[in-house]
Amino acid sequence: MLDDRLTGISYNLKTQAALEFDIEAGENKDRFFLNLEYDDTLQPTTDIDENATKNIIVVCNGQILNTISDIDDILSVQLTDMAGRKITRNVNARSDAWELKNFASGVYIAKVTTSSCTKTVKITVK
């Protein structure tokens with residue numbers, strides 16, 4: 001949520017594609033507040049098979065995200081930025097290389113899903 005402290009309006013950045021507001025020229029340091037909500041979908045669960053996730057390898061050199069599964073085909077790779085925006089790529093193969101040059105620099109959460117498990121890791125895009 002993006003809160004406008006001057007007008008009292010909150011903008012949902014996940015659902016609103018475009019934002020419109022009037023702003024005076026100059027510095028407006030205290031007008032807007034970015035309110036990050038807790039997203040429990042990224043929390044680990046207690047029923048994870050540790051051995052199954054060891055069969056998924058996730059490597060990122062800052063420019064390319066490589067994913068490899070020893071046992072199952074990778075069904076999808078999902079990247080989530082720190083604002084909670086999700087980008088999903090359907091794979092259906094044992095390995096995949098995803099070029100990240102069009103992504104903004106920063107930290108992302110990579111979620112790799114196979115038919116038997118899901119592995120979630122933090123990556124950095126440069």
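**Notebook: fold, surface and two residues**

I read the order of elements from the N terminus first: β-β-β-α-β-β-β-β-β-β-β. I note that the model is a predicted one. My tally of the secondary structure is 1 helix and 10 strands.

I then looked up contacts in the protein with a separation of 6 or more, and found that 48% of them join residues 24 or more positions apart.

Next I took burial and surface. Of the 126 residues in the protein, 29% are buried. I have the accessible surface at about 8700 Å², with 48% of it belonging to carbon and sulfur atoms.

Which residues make the nonpolar surface patch of about 510 Å²? I listed Leu13, Leu19, Phe21, Ile23, Leu34 and Leu36. From this patch I picked Leu36 and placed it in the loop between β3 (32-34) and α1 (50-53). I entered Leu36 as exposed because its relative accessibility is 57%, and the cut-off for exposed is over 50%.

I turned to Asp81, which I found in strand β6, residues 74-81. Is Asp81 buried or exposed? I entered Asp81 as buried, because its relative accessibility is 13% and buried means under 20%.

I also checked what surrounds Asp81. A polar atom of the Asp81 side chain lies 3.0 Å from the backbone nitrogen of Ala83. Setting aside neighbours within four places in sequence, I found Asp81 in contact with Val107 and Tyr108.

My closing entry sets the two residues side by side: Leu36 is exposed at 57%, whereas Asp81 is buried at 13%.

Key: Residues numbered from 1 in each chain as written. Predicted model: local features only at pLDDT ≥ 70, side-chain atom pairs only at ≥ 80, totals over all residues. Heavy atoms only, no water. Helix = DSSP H or I, 4+ residues; strand = E, 2+ residues; numbered from the N terminus. Buried < 20%, exposed > 50% of the residue type's maximum accessible area, 1.4 Å probe, protein only. Polar contact = N/O pair within 3.5 Å; in protein donor to acceptor, adjacent residues only side chain to side chain. Contact = heavy atoms within 4.5 Å. Areas by Shrake-Rupley, 256 points an atom, 1.4 Å probe, with all protein chains shown as cover. Patch = residues over 30% accessible without salt bridge, like charges linked within 9 Å, V, L, I, M, F, W, Y side chains within 5 Å. Salt bridge = Lys/Arg side-chain N within 4 Å of Asp/Glu carboxyl O.
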